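User: Please take a close look at one helix pair in this structure and explain how the two helices are placed against each other. After that, set the pair in the context of the rest of the model.

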Amino acid sequence: MMISQFFVLSQRGDNIVFRDYRAEVPKGSTETFFRKVKFWKEDGNAEAPPIFNVDGVNYFHVKVVGLYFVATTRVNVSPSLVLELLQRIARVIKDYLGVLNEDSFRKNFVLVYELLDEVIDFGYVQTTSTEVLKSYIFNEPIVVSPARLQPIDPAAIFTQGAKRMPGTAVTKSVVANDPGGRRREEIFVDIIEKISVTFSSSGYILTSEIDGTIQMKSYLSGNPEIRLALNEDLNIGRGGRSVYDYRSSSGSGVILDDCNFHESVRLDTFDSDRTLSLVPPDGEFPVMNYRMTQEFKPPFHVNTLIEEAGRLKAEVIIKIRAEFPSDIIANTVTVQMPLPNYTSRASFELELGAAGQRTDFKESSKMLEWNLKKIVGGAEHTLRAKLTFSQEFHGNITKEAGPVSMTFTIPMYNVSKLQVKYLQIAKKSSSYNPYRWVRYVTQANSYVARI
Amino acid sequence: MAPPAASQRYPSPSQPSGKSEVSDLKTQLRQLAGSRAPGVDDSKRDLYKKVISYMTIGIDVSSVFGEMVMCSATSDIVLKKMCYLYVGNYAKGNPDLSLLTINFLQRDCKDEDPMIRGLALRSLCSLRVPNLVEYLVGPLGSGLKDNNSYVRTIAVTGVLKLYHISPSTCIDADFPPTLKSLMLHDSDAQVVANCLSALQEIWSLEASHSEEACREKESLLSKPVIYYFLNRIKDFNEWAQCLILELAVKYVPSDSNDIFDIMNLLEDRLQHANGAVVLATVKVFLQLTLSMTDVHQQVYERIKSPLLTLVSSGSPEQSYAILSHLHLLVVRAPFIFAADYKHFYCQYNEPSYVKKLKLEMLTAVANESNTYEIVTELCEYAANVDIAIARESIRAVGKIALQQYDVNAIVDRLLQFLEMEKDYVTAETLVLVKDLLRKYPQWSHDCISVVGSISSKNIQEPKGKAALIWMLGEYAQDMSDAPYILENLIENWEEEHSAEVRLHLLTAAMKCFFKRAPETQKALGIALAAGVADFHQDVHDRALFYYRVLQYDVHVAERVVSPPKQAVSVFADTQSSEIKDRIFDEFNSLSVIYQKPSYMFTDKEHRGPFEFSDELGNISITPEASSDIVPAQQYEANDKDLLLGIDEKDDNKGLSSNNGSAYSAPSLENSSNITSQMQELAISGPATSATTPQSSFGFDDLLGLGLSTAPAPTPTPPLLKLNPRAALDPGAFQQKWRQLPLSLTQECSVNPQGIAALTVPQSLIRHMQSHSIHCIASGGQSPNFKFFFFAQKESEPSNYLAECIINTSSAKAQIKVKADEQSTSQAFTTVFETALSKFGMP
């Protein structure tokens, strides 16, 4: 159950922090780790798995914002425990630093060491709760400007264009005060849904799944209790039946396949009125994760056509249509499609008056890329690409190209229809009225159209 | 403690060597040391930060130790913390200097601020300097009694640290009993959790030489303690919950009510967002219900959804860990995810390590009802840009085909792969088609027509080429061009770099020759000549052998090289079911990730809480057993192997049932050795299936430890006949020992000759073996020796386990017997005592 060392390495393999808790792993473990990850070639994989063993030492790592968070141990521990721990350490550090990147790390390494000392003692996890840690931590974070937010950061979603939201709030440290010394009383509840859809070549939906999280970040003083009410018609589980046997006939309710909860959540009244109550700890944490395979309307429809045009030429036409209301705007949309590997050139033709669109043919990876800054609900966009081949193709050209994949973010939209009906803060005083932000966002996880 | 000392030795060129910087720091620190000027703490903070930052990047700053300590007289807690960090890191290398720090640390341990008391105590215990342990006992003692829970939490872990520096000091100070009482009475959950982990570690290590520690360790698994923890599990944080759940796994419930009570207590842990908590709970559920088939099945149904949610809600790394466990479960219970196969479809942006596991899942869940969909999906991946995944996908299709579902449709798809004209796709497909034909010869017609049209020039990969050549030889009569293609290949013998391909060419030329002699004769001649001249030993030998056997008699040659074949019904599984069971026992550990039981990748002391070796683990395997006896056996086994007659070869019970035990021959060093051999066998399984039973017969024999070395006539025991070749692996033994109730305890005396012979404990092991009672572990030192034995009934797989403690000074033996069949345990004990009484007799 215990780890021996914890360290964070930069992408170049430099030590950013290093802590040895039990002195049982030989020296040079950081180099061993980095060399192994960098030059991983085993079992045909180009990418090192998160867990491997070198000379009896087990190395665990997760990648967060381009940094390696690594733990080593000689003990046959629970792999989930260590990976979860690494992820959690990253989150605690982010709670403190506000922004997690190499720069903020380097500026605050003393604070990070302070945290690590309290999180783990002699290899055993003590606590990863930002709330609990607060009373043991004395260093003040040196705040780094969140200029370059990594896209992996969930907070980043909200800084991209949505004006209604105080984008900086989610990147502030849990211990830092606002200018002026007063903390703003506020709480954020984000409903983040990552959707995966695979369309067959005829446009039929092969698989679809929503992986959702209700994420909370509280800056409320005095730890008041919070009640979070979800849709009353929410159903969980489908008995013994397979989720894929399901045909959406039994009413219009939101049906989750399954969900799990943060340990602070109390479910006393959940069964009767779909209300979660909790005393939110400080820092960012998922209140609830859920999974849904109930059919939903995919936000984009993709139509791809490849036509041969002579022996060394072909034309690709990609059409995307936004299937959501016109007051919703999707942003940072990217469409990608691998082209046959004998493609030597691609010239693009956008529709008339197209704005905020960029096209690219990545020669080395033979990848077609189409970026759209935003797409308004109901709109349709088309891209034509003329391909030139370096050799004659034989066989079926559609087997050599595709599939088309999309990434996008749609703020204030969620496909599952799961909603936070209200957010109640139990505090007696009538003048107490903190800011409450309930935000929805839909993101593409794996959005693929086969051709 | 903090920075990696290795980089001190190899400073990266981009980083400053730091010599001058360090001496600068030294001077500056010295100036500040005595200063009481306002703002001095701020300057100190800056300097300390510099020191720590040098330490992190690997510059040796141990030379400022004295100055750091001098500056540490401060009330600034941030400064103190940095100083503690520094001291902890360099104390071990500078024991003399460390003495300097003891003073101020001890003083801080009595500070009125509990935070400082705790921090100082933690640093004090982290110095890891053996000759300073005497200074730890006092502060630890008062730390354990501190009224602040933060200090107590640290003190508890401090006790464990002390134990690791000096076990005797820790035991003599009576700390373990104090921890036990804290564990059962403290109001703070983290103090309790730390007591549990500290005591588990201390007692496990102590148990090897202390009966009392053994008992204490057992007592952690008693019903009151388990329920004490489980009833208040929600008071603990998620990590401590994992600790408690791991403890609960080892608990042996008294009856089914007990089982249901525990499951009801833990039911809601399955909804936890932390995957580690969920997996630990799943393990408890699975282990508790092992003996209740119906409930066990329900557990599978119950855990399915939470696990699937974890796969999709976490980071790819976490998904990887969970998927590895799903794979283990699905192999045991394929039905559970059969309807959920779509969850294992790959997403295009997943890392390849996740995709690979998902492909394995898809192969494992395929059955009559979903094969068509799964194979259709896999075919999509075959055109994937990620070539490694494309290959894996094709292999997955092949594996599904070999599982016999809907072969018809699959063969069609495989043949379509060949039309894709991508080298790696073709190569992978050929290998599969070859295996498929070995299992389903009836498809040869369809396959051969397609395979025949493939140009051998387009295949570069040895495996694919070898497969094509095999088919050319095997189906020479159906492929009109076969002799000519082979001839072509043989003419390019020199350019063929792979020995595997050249071996296959020789064999294929022979086979083709038997069927179409006139067309092949010339090519075969060239091949044999080239082969005999080949620098590769195997190729040379095979060519020479073919040449001679042809010279002797062509018909004999045909019978040897190309006998009529039976279709392969089941390809050898790469892992025995016993290994799989072993991994299952180690659910929620690295064994699942590596797909190996823990003894294969980690040394004994680090196997962690997953080994059930409560008593057994304390006893080391005698050096004789590991270094002497087993290898001797091995040679013998090999020799015997060569002498095996045909009849014995057919006896392949070794392959199916016993080779798993061979993995766990009770010797660590050798098990890795054997493992590698076994793996080789497993890998070459299909190709050398004819030889596999032979070799594993050898391994099988190896388990009958000492049988052939000491072929003493087995005396017929009065009541009970024991199986002289009984086999039981240590894991199974441990589990049984844990689960079975004690049926008999007996004390008897050992004759003086026996005591004299015990100077070599190994001799008793050999002696008992000649009575069909096998030793699984032994240990101890004069005058106390401890042995664990097992035996099996001759006629049925009913086991007897025995613990035997012999005290040489009192000449007494204490025997504890556990048995599958309670009714015959007396009979066994009699056999055992009789055998023991003859020990030492000429």
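Analyst: In this predicted model, helices α28(B) and α31(B) are oblique to each other, because their axes cross at roughly 125 degrees and an angle between 115 and 145 degrees counts as oblique. Helix α28 covers residues 499-515 of chain B, and helix α31 covers residues 554-561 of chain B. Their axes come within 10 Å. Two packed helices are described by the angle between their axes and the distance between the axes. The crossing of α28(B) past α31(B) is left-handed.

Which residues make the contact? On the α28(B) side they are T507(B), M510(B), K511(B), F513(B) and F514(B). On the α31(B) side they are V554(B), A557(B), E558(B) and V561(B). By type, the residues of this contact divide into six nonpolar, one polar and two charged.

A second pair in chain B can be set beside this one. Helix α8 (residues 134-145) of chain B and helix α11 (residues 175-185) of chain B have axes that come within 11 Å and cross at roughly 15 degrees. An angle under 35 degrees counts as roughly parallel, and α8(B) and α11(B) are therefore roughly parallel to each other. Their crossing is left-handed. From α8(B), the contact uses V137(B), L140(B), G141(B) and L144(B); from α11(B), it uses F175(B), T178(B), L179(B) and L182(B). These residues divide into six nonpolar, two polar and no charged.

Two residues of that contact turn up again around R152(B), which has its place in helix α9 (residues 149-165) of chain B. Leaving aside neighbours within four places in sequence, R152(B) is in contact with L144(B) and L182(B), among others. The other residues in contact with R152(B) are G143(B), D146(B), N147(B), D186(B), S187(B), D188(B) and V191(B). Is R152(B) buried or exposed? With a relative accessibility of 9%, R152(B) counts as buried, since the cut-off for buried is under 20%.

A third pair joins the two chains. Helix α4 (residues 109-119) of chain A packs with helix α5 (residues 77-90) of chain B at an angle of about 75 degrees, with the axes 11 Å apart. Angles from 65 to 115 degrees count as roughly perpendicular, and α4(A) and α5(B) are therefore described in that way. In α4(A), the residues that meet the partner helix are V110(A), Y113(A), E114(A), D117(A) and E118(A). In α5(B), they are K81(B), M82(B) and L85(B). The residues of this contact divide into four nonpolar, no polar and four charged.

Further along chain B, V831(B) lies in helix α42 (residues 825-837) of chain B. V831(B) counts as buried, at 6% relative accessibility. V831(B) and L720(B) are 111 residues apart in sequence, and their C-alpha atoms are 7.4 Å apart in space.

Now the chains as a whole. Chain B has 42 helices and five strands, and buried residues make up 59% of its 842 residues. Of the contacts in chain B with a separation of 6 or more, 68% are between residues 24 or more positions apart. Chain A has seven helices and 26 strands, and 61% of its 451 residues count as buried. For chain A, residues 24 or more positions apart account for 70% of the contacts with a separation of 6 or more.

How far the model can be read depends on confidence. The model scores ipTM 0.87 and pTM 0.76. Chain B has a mean pLDDT of 79, and 82% of its residues reach 70 or more. Residues 1-15 of chain B have pLDDT below 50, and this stretch has 37 contacts beyond near neighbours in sequence. Residues 608-717 of chain B also stay under 50, with 166 contacts beyond four places in sequence.

For chain A, the mean pLDDT is 84, and 87% of the residues reach 70 or more. Among the elements of chain A, strand β5 (residues 67-73) has the highest mean pLDDT, 96, and helix α6 (residues 154-159) the lowest, 47. Over residues 148-169 of chain A the pLDDT is below 50, and the model has 36 contacts for this stretch beyond near neighbours in sequence. Residues 239-250 of chain A are below 50 as well, with 16 such contacts. Where pLDDT is low, the predicted coordinates should not be read in detail.

Conventions. Residues numbered from 1 in each chain as written. Chains lettered and ligands numbered in written order. Predicted model: local features only at pLDDT ≥ 70, side-chain atom pairs only at ≥ 80, totals over all residues. Heavy atoms only, no water. Axes fitted to C-alpha atoms, helices over the stretch in contact; angles between N-to-C directions. Helix = DSSP H or I, 4+ residues; strand = E, 2+ residues; numbered from the N terminus. Left-handed = near helix turned anticlockwise from the far one by under 90°. Contact = heavy atoms within 4.5 Å. Nonpolar A, V, L, I, M, F, W, Y, C, P; charged D, E, K, R; others polar. pLDDT = per-residue confidence, 0-100. Buried < 20%, exposed > 50% of the residue type's maximum accessible area, 1.4 Å probe, protein only.
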